[in-house]
Amino acid sequence: VPRLILILGDQLSPDLSALDSADKSRDVIVMAEVRAEGTYVPHHAKKIALILAAMRHFADDLRRDGWTVAYTALDDPHNTHSIGGELLRRAEEHGAESVIAAAPGEWRLRQMLDDLPLPVRQHPDTRFICSEADFSGWAEGRKTLRMEYFYREMRRKTGILMDGDHPEGGKWNYDHDNRKPARADLFMPQPLHHQHDEVVTQVLALVAREYPKTFGTLHPFWFATTRAGAEAARDWFMAEALPRFGDYQDAMLEGEKFLYHSILSPYLNIGLLDPLDLCQRAEAEYRAGRAPLNAVEGYIRQILGWREFVRGVYFHEGPDYAARNALNANRDLPWFYWSGETDMACMKSAICQTIEEAYAHHIQRLMVTGNFALLAGLDPQQVHEWYLAVYADAFEWVEAPNTVGMILFADGGIVGSKPYAASGAYIKRMSDHCKGCTYSVSRKSGEGCCPFNPLYWDFLLRHRDRFERNPRMAQMYRTWDRMDEGKRDESRASAADLLARLDAAQRI
Ligand code: FAD
């Protein structure tokens, strides 16, 4: 009796655990483009196109490799438009009685497979450097989970950037060499633009037809959709951008959407690239003297540290993680998150590039759109759905801990020990947005002040009971208490005014 082997749109790896025990001569691989997955949040058009085109290429690779693939196209008239529905339909068609899968990257789909009226074996997804079981082993019994200690453990375990028992260069972390603001540079590397093949051309027409109202602009579309294309993008990054990755990791520049970032997360998260391989290649650049240690360590920490850590947290914390709301934030997401129509230059820049590219780099997500969401007390569920929808690399296991945990502190302090709250001064230091902004970053309150300024204090005051005793935040409360009474009143009035305007859906 044949078995069905389920391969999801973010599982496009030839070494997927679902394939390990499968038998080419009798089993049937099921891949399906279904509307339920394309619409549970209004995904960016480029994200949908990337996933569908990469799925079609991967199905072709599997067939060439001798597998039988039952592939459902989005516009197939028999399409039931859900993963569960397609599994049941294919089981009937092929006389299959069971399903093998690699555990999906979100609780919703794991639950759906468990509830299916067919036996489904979910194998651990082995495409990560730290297994879920190993993470839980590390986390069990610790009072707090801190990325930095997890990361050191991972360095020791993999031997990456190690000099015997010691970290290469004597330190685990070179961030004090990083975090420089950047200046516009004519020679800034631009990410590889991949040509359309026939599959991409067809998928772009399909997405335009089937998802006419979804978020984001579809054209120009330049993502790679094959393993070879993703590998070319990887090689481009290692040669062109990695050496300066560290220096400008936290910088933002008007009009420079990519700086020295890798733009590899969309490929990594759907399985076209392998995280350990990326870390090893980055290390090799350092060993060969082509990239400095601060850049290579910084890059490796994002993958071996942050990426593995947030995945561990997501599965360790359980299915309710994405629904947490520790700070009881409940303001609706302002409409300008979907349109970019705001006068705040930094917000406009981050949102407009998100609409165009389905990409914004980490500091834009964390310190601009994320910081605003935190300070304004936006409802975590709505913010979570926004981040899940708008980025090509967004899958719940990685998006939710970053949103609910890192930016909103809605998990009560699991991903981070304190909120990343910041006033306009941070954005001024790390970017050139403030120069051309309608608002004045040097005005702390009153007419024309940068909204981040009064909202910053308002956030701290709203949560004084929770944060005042946090040793890393106590100083800010002392600064507030020493401030002139009149200035404090004006700051509070400005915040109240801004929040009222948000609630009334007025432009800010
Ligand atoms: P680079 O700057 O080149 O970084 C290298 C790699 O490190 C990335 O490709 C990524 O795989 C990894 N990485 C870096 N930071 C993180 C992090 N905090 N968590 C996990 N991996 C990290 N990343 C996603 O892959 N998917 C998401 O849905 C996602 N949502 C986010 C939401 C918010 C609110 C925030 C603050 C961050 C989010 N991130 C997400 C993390 C990070 O912003 C992106 O991984 C990064 O911007 C991707 O661009 P890049 O490939 O050019 O990254």
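Here is a chat between a biologist and a modeller about a predicted model.

Biologist: Let's start with the domains: how far apart are the centres of domain 1 and domain 3?

Modeller: The protein is split into domain 1 (4-123), domain 2 (132-194 + 227-317) and domain 3 (336-503). Ten residues of domain 1 are in contact with ten residues of domain 3. Taken over C-alpha atoms, the separation of the two centres is 39 Å.

Biologist: On the side of domain 1 that touches domain 3, how many residues are charged?

Modeller: That side of domain 1 includes three nonpolar and three polar residues. The charged ones number four.

Biologist: Which helix gives the largest share of the largest nonpolar core?

Modeller: That core has 144 residues, and L6 and L242 have the most contacts inside it. L6 touches A18, V30, L87, V99 and A101, leaving out residues up to four places away in sequence. As for the largest share, eleven residues come from helix α3 (residues 45-64).

Biologist: Over to α14 and α15. At roughly what angle do their axes cross?

Modeller: In general, a packed pair of helices is described by the angle and the distance between the axes. Here C346, M347, A350 and I351 in α14 meet Q364, V368, T369 and F372 in α15, and by class that contact has six nonpolar, two polar and no charged residues. α14 passes α15 in a left-handed crossing. The axes come within 10 Å, and the angle is roughly 115°.

Biologist: Is C434 buried or exposed?

Modeller: C434 is in the loop between α18 (424-430) and α19 (452-462). Beyond its neighbours within four places in sequence, C434 contacts A345, G424, I427, K428 and V441. The cut-off for burial is 20 or more other C-beta atoms within 10 Å. C434 has 20 of them, so C434 is buried.

Biologist: Now for backbone oddities. Which residue does a cis peptide bond join to P220?

Modeller: Most peptide bonds are trans. P220 is in the loop between α8 (198-210) and α9 (227-245). Omega is about -5° for this cis bond, and the partner of P220 is H219.

Biologist: What is the phi of I263, roughly?

Modeller: Most residues other than glycine have a negative phi. I263 lies in the loop between α9 and α10, as does L259, whose phi is positive, near 45°. I263 counts as buried because it has 22 C-beta neighbours inside 10 Å. Its phi is positive too, although I263 is not a glycine: about 55°.

Conventions:
Residues are numbered from 1 along each chain as its sequence is written. This is a predicted model: local features need pLDDT of at least 70, side-chain atom pairs count only at pLDDT 80 or more; totals for chains, interfaces and linings use all residues. A nonpolar core is a set of buried Ala, Val, Leu, Ile, Met, Phe, Trp, Tyr and Cys residues joined through C-beta atoms within 7 Å. A residue is buried if 20 or more other C-beta atoms lie within 10 Å of its own, exposed if 12 or fewer, and partly exposed in between; C-beta atoms are placed from the backbone. Helices (H or I, at least four residues) and strands (E, at least two) are DSSP runs, numbered from the N terminus. Two residues are in contact if their C-beta atoms, placed from the backbone, lie within 7 Å. Domain bounds come from an automatic or database domain assignment. Ala, Val, Leu, Ile, Met, Phe, Trp, Tyr, Cys and Pro count as nonpolar, Asp, Glu, Lys and Arg as charged, and the others, Gly among them, as polar. Axes are lines fitted to C-alpha atoms, for helices over the stretch in contact, and angles run from 0 to 180 degrees between N-to-C directions. A crossing is left-handed if the near helix is turned anticlockwise from the far one by less than a right angle, and right-handed if clockwise.
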